Amino acid sequence: IILICSTVIYTVVTWLEAPGLTTARIAGLAAGCIFAGLIFVEQKISNLRISGSLFVFALIAVVLFMSCRNGGLTAPTTPFLLAAPIAAGLFIERRAAWLVSGLVAAALTYLLLQTINGSATPSPHSGTQLMYMRFSGLLVAVICVTAITLGHSKITAKTVALLEGEIAHRKISENVIAAKSHEYDLLFENFPARMWLKDDKNTIVRLNSAAASSMGLSIEDAEGVNTADIFPEMAEKYLRDDLDVIETGAPRLGIIEKYTPITGETGWSRTDKAPFVDPKTGEKFVIVSAIDVTPRIEAEQALKKSELRFATAAKGSSVGIWDWDIVEDVAYWTPRQYEMLGYDDQEFPVSLKSFETLLHADDVAPTLEAIDAHLKGKIPFHIEYRLQHKTGGYRWFLGTGQAIWDEDGIAHRMIGSTMDIHDKKLAEEALEAKAEALQQSNKELEQFARIASHDMKAPLRGIRNVADWLEQDLENVIDEQSSENLQLMKSRIDRLEQLLDDLLAYARIDTAGDIKEVDIVQLAGDAFELVTQSGFQLNLDQDLPVFNTEHAPLELVFRNLFENAVKHHDREAGEITVGVRDLGNLFEFKIEDDGPGIPEIHKDRVFEMFTKLQSQDEVAGSGMGLSTVKKVINAHGGEIRVVSSPEARRGAAFFFTWPKTLAAEKAKAPQADGEDLKAAG
């Protein structure tokens with residue numbers, strides 16, 4: 001641009017042919033304009049070497065042009081030839097200075113040869129004029145060089161300052177880049193997800209510690225390793241997915257897959273894959289990010305198994321299961337729940353309101369109160385209610401449930417079951433009706449027994465009186481045989497009265513008595529005194545208990561067993577021993593005698609009504625003593641048995657259990673005893 005501008009200026013000025021403007025002066029004017037323009041040009045150039053070279057080469061071109069055009073060393077431009085090497089040394093490197101100096105030397109040699117050959121145009125000026133002209137040219141050259149040097153120094157200083165600023169900015173940028181790179185490295189390294197950078201050959205280029213740890217390796221051992229060496233089972237699939245991402249440029253997100261590394265543990269991960277292209281090399285990679293979802297997958301699998309078990313159990317269960325969302329008032333019923341009411345599965349939506357409409361009118365309030373008490377007071381929910389069947393009737397059900405409360409104690413869910421107890425309920429109602437009928441029958445039987453005993457004893461007493469009168473009236477005339485017959489009749493009357501008393505006692509066994517503290521030592525002693533006779537002795541263990549029970553039934557048991565031992569003894573004297581054993585909730589009492597014992601074939605018959613092992617004439621009694629004992633013991637929840645081996649040793653031992661505590665209402669007598677009562681009637 002500078003050379004073109006100088007040529008244009010020279011051409012225009014020469015074409016004008018202004019008076020007084022010689023070729024040398026025109027060239028000098030062009031050089032001055034060029035020098036002035038270079039100062040502004042250099043402000044736009046930041047490279048000192050380029051700017052100095054342009055300046056010097058432009059200067060040399062002008063000097064050579066003027067010298068050659070003017071025709072010799074006598075031109076005023078000669079000082080520029082001398083100043084050119086100096087200027088070149090100031091602004092450019094040494095090699096360029098030598099180059100410029102060589103060009104100037106060649107130009108001077110050319111001019112010198114022209115002068116010697118006489119081809120140079122002689123100067124039209126005088127010696128004095130030439131001297132002034134040369135002096136003025138030298139002065140102009142010094143001024144120009146000085147101005148150019150100062151201007152270039154200023155430009156150089158600005159350029160150096162700009163370069164220093166640029167260098168400082170570059171250092172700051174490099175520091176920022178280094179800091180950012182360090183931050184990115186820290187982020188990559190400490191990111192909780194597992195991160196891999198892999199190439200298109202399935203090779204791990206880079207990874208973070210989370211990824212290396214999941215494979216049981218260190219970062220150094222994993223980098224540069226092919227995935228097939230770590231995940232042999234999944235490597236082929238991984239490579240297919242990677243190549244698909246690399247070739248299409250589309251990421252693949254949310255891949256749930258199982259992984260089994262050689263050195264690590266098997267698990268599940270949620271994997272995202274995205275393409276990456278190196279901006280410098282253009283090489284293609286894939287960035288893999290994986291999050292361990294093993295606990296979630298295992299929980300889901302466990303939930304599926306649990307749901308399957310629940311569905312199987314619900315399907316095979318005889319009870320209906322329900323799940324009630326209290327907040328939304330939406331419930332779920334199992335198919336069995338619908339089936340028990342005659343409906344198809346999911347035939348109608350379930351809520352507390354719909355459940356309420358199915359309840360029997362008498363059961364609505366109690367059931368809702370039970371639900372409210374459970375939700376607010378955490379009282380167990382266990383209630384019987386009636387629900388309307390699809391056919392219109394009502395059936396009995398047993399409902400149980402358990403609520404789930406949040407941290408604030410507010411119930412948000414309730415789960416429970418429903419059991420069809422309709423047949424059981426009807427059976428209970430029938431049983432209660434039978435029990436009431438039996439109780440009424442027992443009362444009537446007891447009343448009948450009382451009346452019968454009273455009404456039958458009156459004629460028996462009359463017959464006994466008649467027998468006594470006959471015996472008195474015929475005392476002197478009756479023969480021995482007739483006397484024996486009267487005694488036999490009187491004994492039979494006595495046995496009949498005893499039978500009536502025993503029947504009345506047997507009928508009253510089921511009547512509950514008062515529970516009070518009973519001392520077995522005193523009870524046994526009192527019972528023994530009522531039935532004993534001289535010659536018999538009662539032995540009592542020291543550990544006989546004192547406890548709360550019904551006195552009269554237990555006393556009846558002891559008295560009848562004592563009476564049985566004395567009545568069936570084959571000697572005039574004997575011993576009866578009472579012992580006890582603690583069985584936890586029961587006492588086991590033992591009443592043992594030293595009589596003749598009971599043969600093995602008769603052990604099961606001794607507790608039957610009206611059973612006597614000896615003749616009625618030999619032993620008085622109705623044959624109801626032991627059967628009465630058994631009924632009393634069974635009615636109070638106990639059992640009785642007899643142990644006797646007369647072939648080995650004398651005596652018989654009766655063992656019976658008696659509860660330590662009695663329920664508020666005595667259990668009903670067994671059906672067999674009811675049959676016995678009917679037989680007795």
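The legends below describe an overview and several close-up views of a predicted model.

**Figure 1. Overview of the protein chain in the predicted model.**
The chain holds 19 helices and 17 strands. Of its 681 residues, 36% count as buried. The accessible surface comes to about 40,100 Å², and carbon and sulfur atoms account for 57% of that area. When contacts between residues at least 6 apart in sequence are considered, 58% of them join residues at least 24 apart.

**Figure 2. Helix α13, residues 361-377, and the elements that cover its buried residues.**
The helix has 17 residues, which at 1.5 Å a residue should span 24 Å; the C-alpha atoms at its ends are 25 Å apart, in agreement with that value. Asp363, Val364, Thr367, Ala370, Ile371, His374 and Leu375 are buried in α13. These buried residues fall within an arc of 150° when seen down the helix axis, so they line one face of α13. Asp362, Glu369 and Lys376 are exposed on the other side of the helix. The cover over the buried residues includes two elements that precede α13 in numbering, β6 (320-325) and α12 (352-358). It also includes the strands β8 (381-388), β9 (394-405) and β10 (411-420).

**Figure 3. Lys378, the residue that follows α13.**
Lys378 is found in the loop between α13 and β8. Its phi is near 60°, a positive value in a residue other than glycine. Is Lys378 buried or exposed? Lys378 has a relative accessible area of 51%, and the cut-off for exposed is over 50%, so Lys378 counts as exposed.

**Figure 4. Helix α16, residues 520-531, with its N-terminal cap and its cover.**
For the 12 residues of α16, a rise of 1.5 Å a residue gives an expected span of 16 Å, and the end C-alpha atoms are 17 Å apart, which agrees. Asp519 caps the N-terminal end of the helix, with a side-chain oxygen 3.1 Å from the backbone nitrogen of Val521. The buried residues of α16 are Ile520, Leu523, Ala524, Gly525, Ala527, Phe528 and Val531. Among the elements covering them are the strands β11 (515-519), β12 (536-540) and β13 (546-550). Helix α17 (551-567) and the strands β14 (574-582) and β15 (586-593) also belong to this cover.

**Figure 5. Strands β3, β4 and β5, with β4 paired to each of the other two.**
Strand β3 (residues 252-259) pairs with strand β4 (residues 267-277) in the antiparallel sense, over six bridges. In this pair, Glu257 stands opposite Ser269 of β4. Strand β4 also runs antiparallel to strand β5 (residues 284-292), and nine bridges join these two. Here Asp272 stands opposite Ser289 of β5. The hairpin of β4 and β5 has six residues between the strands, and Gly282 in this hairpin takes a positive phi near 80°.

**Figure 6. Surroundings of Thr271 in strand β4.**
Thr271 is buried, with a relative accessible area of 2%. Which side chains make polar contacts with that of Thr271? The side chain of Glu257 does so at 3.2 Å, and the side chain of Ser269 at 3.3 Å. Glu257 and Ser269 are also the residues that stand opposite each other across β3 and β4. With neighbours within four places in sequence left aside, Thr271 is in contact with Arg252, Leu253, Gly254, Ile255 and Glu257, and also with Val288, Ser289 and Ala290.

**Figure 7. Asn202 in the loop between β1 (194-199) and β2 (204-207).**
Asn202 has a positive phi of about 70° although it is not a glycine. The relative accessible area of Asn202 is 3%, and the cut-off for buried is under 20%, so Asn202 counts as buried.

**Figure 8. Ala212 in helix α7, residues 209-214.**
At 2% relative accessibility, Ala212 counts as buried. Beyond its neighbours within four places in sequence, Ala212 is in contact with Leu207, Leu217, Ser218 and Ile219. How far apart in space are Ala212 and Ala222, C-alpha to C-alpha? The distance is 6.6 Å, for two residues that are 10 apart in sequence.

Key:
Residues are numbered from 1 along each chain as its sequence is written. Side-chain values use heavy atoms; hydrogens and water are left out. Helices (H or I, at least four residues) and strands (E, at least two) are DSSP runs, numbered from the N terminus. The expected span of a helix is 1.5 Å times one less than its number of residues. Buried means under 20% relative accessible area, exposed over 50%, partly exposed in between (1.4 Å probe, protein chains only). The arc is that of the directions from the helix axis to the C-beta atoms. Contact means heavy atoms within 4.5 Å. A polar contact is a pair of N or O atoms within 3.5 Å; within protein, one must be able to donate a hydrogen and the other to accept it, and residues adjacent in sequence count only if both atoms are side-chain atoms. Two strands pair if DSSP finds at least two bridges between them. Accessible areas come from the Shrake-Rupley method with a 1.4 Å probe; for residues, only the protein chains shown count as cover.
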